[in-house]
Amino acid sequence: MARVKGAMMTRKRRNKVLKLAKSYWGSKSTHFKMAKQAVKKSAVYAYVGRKHKKRDFRRLWIARISAAVKPYGLNYSRFMNGLKKANIDLNRKALSEMAINDAAAFAALVETAKKAI
């Protein structure tokens with residue numbers, strides 16, 4: 001049986017990692033072993049970052065809603081409780097956008113939530 005050498009696939013695998021590490025500083029962009037470690041670590045950071053992004057946006061939306069209901073004499077938790085009791089299912093992103101762009105509709109929601117409490 002003929003001997004199979006893995007040069008082509010090995011080179012492809014190494015080039016793929018080195019391409020991902022192209023803009024890294026120093027040896028991490030040219031040496032395969034160091035590039036492999038750096039790419040693996042950056043993938044972990046990217047994964048964690050995607051989770052933090054969701055967390056950060058939710059925090060931003062809550063802060064916006066809280067600031068928008070304050071002039072109506074409510075706080076965030078009582079407002080959300082009133083919406084839940086009034087069977088209004090709007091996510092925080094939509095409520096935040098409504099508070100910024102459509103003040104009249106948001107005021108109507110606040111009044112509905114106040115009545116439901």
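**Helix packing and local features of the predicted model**

Phe79, Gly82, Leu83 and Lys85 of helix 3 make contact with Phe106, Leu109, Val110, Ala113 and Ala116 of helix 5. These contacts belong to a predicted model, in which the axes of helix 3 and helix 5 are 7 Å apart and form an angle of about 80°. Because angles from 65 to 115 degrees count as roughly perpendicular, helix 3 and helix 5 are classed as roughly perpendicular to each other.

Helix 5, which covers residues 103-116, also packs against helix 4, and the two axes come within 6 Å. The crossing angle of helix 4 and helix 5 is roughly 125°, and helix 4 is therefore oblique to helix 5. On the helix 4 side, the residues involved are Leu95, Met98, Ala99 and Asn101. Their counterparts in helix 5 are Ala103, Ala105, Phe106 and Leu109. Phe106 and Leu109 thus appear in the contacts with helix 4 and also in those with helix 3.

Phe79, one of the helix 3 residues that meet helix 5, was examined further. Phe79 has a relative accessible area of 0% and is therefore buried. Apart from residues up to four places away in sequence, Phe79 touches Ile65, Val69, Leu74 and Leu95, together with Phe106, Leu109, Val110 and Ala113. Among these partners, Leu95 is a helix 4 residue that takes part in the packing against helix 5. The C-alpha atoms of Phe79 and Ala105 are 15 Å apart, with a separation of 26 residues in sequence.

A second buried position occurs in helix 4, where Ser96 is located. Ser96 counts as buried because its relative accessibility is 0%. When neighbours within four places in sequence are set aside, the contacts of Ser96 are with Trp61, Arg64 and Ile65. Ile65 is also among the residues touched by Phe79. A further distance involving Ser96 is that to Arg58, a residue of helix 2. Arg58 and Ser96 are separated by 38 residues in sequence, and their C-alpha atoms are 10.0 Å apart. In contrast to the buried Ser96, Arg58 is partly exposed, as its relative accessibility is 43%.

Helix 2, spanning residues 32-69, contains both partners of a salt bridge, Arg59 and Asp56. This is the one salt bridge in the structure. Side chains of opposite charge can pair when their charged atoms come close. In the pair formed by Arg59 and Asp56, the closest N and O atoms are 3.8 Å apart. The two residues are three positions apart, about one turn of the helix. Arg59 counts as exposed because its relative accessibility is 55%, whereas Asp56, with a relative accessible area of 42%, is partly exposed.

Val44 is likewise found in helix 2. Together with Tyr47 and Val48, Val44 forms a nonpolar patch on the surface. The accessible area of these three residues together is about 260 Å². Val44 itself is partly exposed, since its relative accessibility is 46%.

The loop between helix 3 (76-85) and helix 4 (92-101) includes Asn87. Although Asn87 is not a glycine, its phi is positive, at about 60°. The relative accessible area of Asn87 is 69%, and the residue is therefore exposed. Leu90 lies in the loop between helix 3 and helix 4 as well. With a relative accessibility of 32%, Leu90 counts as partly exposed. Beyond its neighbours within four places in sequence, Leu90 is in contact with Leu95, Met98 and Leu109. Leu95 and Met98 are helix 4 residues, and Leu109 belongs to helix 5; these three also figure in the contacts between the two helices. Leu90 and Met80 are 10 residues apart in sequence, with a C-alpha to C-alpha distance of 9.7 Å.

Notes
Residues are numbered from 1 along each chain as its sequence is written. This is a predicted model: local features need pLDDT of at least 70, side-chain atom pairs count only at pLDDT 80 or more; totals for chains, interfaces and linings use all residues. Side-chain values use heavy atoms; hydrogens and water are left out. Patches are made of residues with over 30% relative accessible area and no salt bridge: like charges are joined within 9 Å, nonpolar side chains (Val, Leu, Ile, Met, Phe, Trp, Tyr) within 5 Å. Accessible areas come from the Shrake-Rupley method with a 1.4 Å probe; for residues, only the protein chains shown count as cover. A salt bridge is a side-chain nitrogen of Lys or Arg within 4 Å of a carboxyl oxygen of Asp or Glu. Buried means under 20% relative accessible area, exposed over 50%, partly exposed in between (1.4 Å probe, protein chains only). Axes are lines fitted to C-alpha atoms, for helices over the stretch in contact, and angles run from 0 to 180 degrees between N-to-C directions. Angles under 35 degrees count as roughly parallel, over 145 as roughly antiparallel, 65 to 115 as roughly perpendicular and the rest as oblique. Contact means heavy atoms within 4.5 Å.
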